[in-house]
Amino acid sequence: MDLTKSLPARLRPGGRHGLADTEVRDPIGYAVAALGKLAQSDLLDRVGLRKQAEQAVFTVTRTGFQAATSANRAFTRAGSRQKAGVRVPAAAPKGVFDLTPSEDEQMLVDVVGEYAAEVVRPAAAEADEACAAPEPVLKASLDIGLPILGVPESLGGISEERSAVAGTLVAEALSLGDMGLAVAALAPGAVATALGLWGTEAQQQTYLPAFTGDEVPAAALAISEPAVLFDALSPSTTARRTPDGFVLDGLKSAVVRAAEAELFVVGAELEGSPVLFLVESSTPGLSVESDPGMGVRAASMARLRLEGVTLPADAVLGETDGSTYAECVRLSRLAWCALAVGTGQSVLDYVTPYVKERHAFGEPVAHRQSVAFMVADIAIELQAMRLLTYKAAGRAAAGKDFSREVALARRLCAEKGMRIGLDGVQLLGGHGFVKEHPVERWYRDLRAVGVMEGAVLV
């Protein structure tokens with residue numbers, strides 16, 4: 001086969017990572033698409049150019065790109081717009097503050113923990129360097145059912161009741177492997193969970209079959225914005241009504257896997273209240289700009305620009321009074337707390353044996369009180385973070401107001417999580433500053449907890 005003739009056809013608009021037929025791709029967009037196609041070919045291995053090609057992909061990603069969004073999937077409309085969607089019931093109260101996972105929850109955590117240890121952690125360093133999650137890691141996350149964790153069982157998911165506790169346990173277990181890859185793997189499930197919680201019958205029947213099938217689309221929440229002192233409950237992105245629906249304008253940041261996402265849940269202000277909108281990637285007016293950050297780099301976070309994005313009247317997800325939007329933000333904050341707990345546990349598990357084995361002045365450094373106290377403080381603060389996070393998750397699962405609990409958990413996880421990362425680097429001394437040890441990556445990831453608002457939810 002003549003590759004020079006087939007390549008342009010495979011990269012033209014309408015391909016898997018192409019554009020709508022009415023749009024065009026700029027030269028950088030073609031370059032990224034070509035490199036992506038090339039990276040999937042075994043030709044690189046046969047000619048010994050795999051490493052050089054991967055470096056080229058990394059360089060383009062790191063230095064930046066701007067392209068239209070992915071537009072390869074046509075979602076088939078189904079169901080009634082006026083009919084409420086399927087809702088799972090709240091978890092039955094136990095009557096006591098019991099943190100013991102149920103048998104099903106423990107089984108799920110065991111499976112996810114094995115995936116995190118055997119698949120996620122070995123891939124974490126290279127994924128952080130490349131600012132992208134490896135395809136095998138993402139495919140493996142589908143095999144263990146991450147996208148359908150919050151989808152009602154009657155719609156093809158595995159949720160028989162509100163899954164905030166299970167989601168929290170899963171997020172914690174995943175981040176024991178790596179926070180960035182955990183966020184990348186959880187992003188499609190966040191959108192599927194949002195559809196399960198607030199979608200109409202039409203929205204659920206239109207979009208959820210894709211998430212419960214074999215070819216799960218990349219999807220993302222788009223809540224955060226690149227503004228100083230950004231208030232998640234008061235977005236600058238605007239939505240205005242039109243005779244046929246809505247028009248959205250604004251700029252979103254920290255959107256997970258935005259360049260390949262096929263469906264977004266976008267937060268915007270409508271008539272004084274924050275509202276969630278379903279936006280397909282094929283909608284004209286959307287574009288993606290690379291924006292790699294200090295941490296959580298494997299999640300391929302980028303900016304999503306909306307310029308005159310026209311949506312139909314049924315694009316609203318949930319209520320328009322701000323209540324659905326506020327619950328989405330709180331659930332997302334809860335998920336970030338769980339990610340902080342898991343990453344903090346990784347730090348503790350790593351530094352504890354290190355300070356026992358590292359010798360200075362003829363004895364282990366753990367024999368120094370200043371070192372021992374620092375490790376003890378990490379364990380104490382980590383347990384406080386876990387308790388507050390679990391309490392907020394329990395109230396969310398029971399359908400109770402959890403705004404106070406999640407606010408307390410987020411404050412503690414943001415402050416103490418960052419401190420745990422800092423102390424982890426300090427305990428390793430010079431080794432904490434080099435990439436040979438993963439603690440510097442965990443430190444960078446933990447700093448994200450206080451600024452991320454809407455990338456994952458439970």
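Me: Contact means heavy atoms within 4.5 Å. So leaving aside neighbours within four places in sequence, what is valine 183 in contact with?

Reply: Val256, Val296, Ala299, Met301, Trp336, Leu339, Ala455 and Val456.

Me: What kind of model is this, and how are residues numbered?

Reply: This is a predicted model, where local features need pLDDT of at least 70 and side-chain atom pairs count only at pLDDT 80 or more, while totals for chains, interfaces and linings use all residues. Residues are numbered from 1 along each chain as its sequence is written, and side-chain values use heavy atoms, with hydrogens and water left out.

Me: Back to valine 183. Which residues touch the most other members of the largest nonpolar core?

Reply: Valine 183 is one of them, with Leu181, Trp198, Phe211, Met301, Trp336 and Leu339. That core has 108 residues. A nonpolar core is a set of buried Ala, Val, Leu, Ile, Met, Phe, Trp, Tyr and Cys residues joined through side-chain atoms within 4.5 Å. Buried means under 20% relative accessible area, exposed means over 50%, and partly exposed is in between (1.4 Å probe, protein chains only).

Me: Which element gives this core its largest share?

Reply: Helix 10, with 17 residues. Apart from this core lies another, of 24 residues, including Ala239, Phe264, Val279 and Leu306.

Me: How many helices and strands are there?

Reply: The protein chain has 13 helices and 11 strands. Both are DSSP runs numbered from the N terminus: helices are H or I with at least four residues, strands are E with at least two.

Me: New topic. How many salt bridges?

Reply: The count is 18. The rule is a side-chain nitrogen of Lys or Arg within 4 Å of a carboxyl oxygen of Asp or Glu.

Me: What does arginine 162 pair with?

Reply: Glutamate 327, at 2.9 Å from N to O. Arginine 162 is in the loop between helix 6 (135-143) and helix 7 (164-175), and glutamate 327 is in helix 10 (residues 323-357), so the pair ties together parts 165 residues apart in sequence.

Me: Are those two buried or exposed?

Reply: Both arginine 162 and glutamate 327 are buried.

Me: And what about glutamate 271, which residue does it bridge to?

Reply: Arginine 241, with the closest N and O atoms 2.8 Å apart. Glutamate 271 sits in the loop between strand 5 (263-270) and strand 6 (273-280), and arginine 241 in strand 3 (residues 238-242), 30 residues away. Glutamate 271 counts as exposed because its relative accessibility is 61%. Arginine 241 is at 46%, so it counts as partly exposed.

Me: Which residues form a salt-bridge network?

Reply: Asp128, Lys435, Glu440 and Arg444.

Me: Now helix 11. How far does it reach?

Reply: Helix 11 (residues 369-397) has 29 residues and reaches 42 Å from its first C-alpha to its last. That is close to the 42 Å expected, which is 1.5 Å times one less than the number of residues.

Me: What do its buried residues pack against?

Reply: Helix 7, helix 10 and helix 12 (403-427). Those buried residues of helix 11 include Val371, Ile378, Met385, Arg386 and Tyr390.

Me: What comes just after helix 11?

Reply: Glycine 399, with a positive phi of about 75°.

Me: Last one. How much of the protein chain is buried?

Reply: Buried residues make up 52% of the 458 residues. Among contacts between residues at least 6 apart in sequence, 77% join residues at least 24 apart.
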